[in-house]
Amino acid sequence: MWWPAALAAALALALGVPALVASGTSASGTSSVAVPANDSPEAGFARDMATHHQQAVDLSFIVRDRTGDDATRTLAFDVINTQANQRGMMMGWLDQWGLPQHSTDKPMAWMRMNHDYQAHDGSLMPGMATNAQLAKLRSLSGRDAEVYYLQLMIEHHKGGVEMAQGYVDVARNDSEKRLAQSMVTAQSSEIQLMTDMLKERGAAPGVPAS
């Protein structure tokens, strides 16, 4: 994994974990700390978005090594750094809350709405690429790799925006809500950027059927 637990926790502490836990004082005068429940939207979002982000990082590393195009490599570099950093924050929060980083719950169950998405071939949540699509990207190079990466990442970002907005709508922790809102804003902007990049390459959004 990208971030060892200790490093992730340290990063999260530096970037606002204290704001995510509400301190109080008990009747005996001792300090107490309230943390999100294991099945809370806060914990569920952190786990699921961390998983979603990891695949974006994986996709970006694949294309980075399969094209010399500066624009595509710059985009991939930005995705790797931004989403690995955010993933570290979310894993750090879970560590600070004393909650497991994985759950047996169905992905996105915390959104309290019925999702008919069926996990298949490694695609656990909306927008995530399948194992077959990852293998196909690894088999391509040059313009073909750029186009396929952009098509996969647009769908990936759409799924990420939906999930982040879903958390914003039910959030109870301001710091995590701000992170989720920043994802909605940034990834929506990148969807437009990637759409324009596809147009420059004579292609359009939409992942071709394998």
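**Group meeting: how the helices of this chain pack**

Let me begin with a pair of helices: the axes of helix 3 (residues 41-64) and helix 6 (residues 142-168) come within 11 Å and cross at roughly 170°, where axes are lines fitted to C-alpha atoms, for helices over the stretch in contact, and angles run from 0 to 180 degrees between N-to-C directions. That angle makes helix 3 roughly antiparallel to helix 6, a label used for angles over 145 degrees. Among the residues that make the contact (heavy atoms within 4.5 Å) are Phe 45, Asp 48, Met 49 and His 52 of helix 3, and Tyr 149, Met 153, His 156 and Met 163 of helix 6.

Before going on, I should say that this is a predicted model, in which local features need pLDDT of at least 70 and side-chain atom pairs count only at pLDDT 80 or more, while totals for chains, interfaces and linings use all residues. Residues are numbered from 1 along each chain as its sequence is written, and side-chain values use heavy atoms, with hydrogens and water left out.

Now the whole chain: it has seven helices and two strands, which are DSSP runs numbered from the N terminus (helices H or I, at least four residues; strands E, at least two), and along the sequence they follow the pattern α-α-β-β-α-α-α-α-α. Of its 210 residues, 46% count as buried, meaning under 20% relative accessible area with a 1.4 Å probe, protein chains only.

What about the interior? The largest nonpolar core, a set of buried Ala, Val, Leu, Ile, Met, Phe, Trp, Tyr and Cys residues joined through side-chain atoms within 4.5 Å, has 26 residues, and those with the most contacts inside it are Phe 45, Met 90 and Met 163. Helix 3, helix 4 (70-97), helix 6 and helix 7 each supply at least two residues of this core, with the largest share, six residues, coming from helix 4. Apart from it lies another core of 23 residues, including Ala 76, Leu 134, Leu 140 and Tyr 148. Returning to Met 163, and leaving aside residues up to four places away in sequence, this residue touches Phe 45, Met 49, Trp 110 and Met 125, among others.

Finally, helix 7 (residues 174-200) has 27 residues, which at 1.5 Å a residue should span 39 Å, and its end C-alpha atoms are 39 Å apart, which agrees; the expected span is 1.5 Å times one less than the number of residues. Buried residues in helix 7 include Leu 179, Met 183, Gln 187 and Ile 191. Helix 7 is followed by Gly 202, whose phi is positive, near 70°.

Terms used
Angles under 35 degrees count as roughly parallel, over 145 as roughly antiparallel, 65 to 115 as roughly perpendicular and the rest as oblique. Buried means under 20% relative accessible area, exposed over 50%, partly exposed in between (1.4 Å probe, protein chains only).
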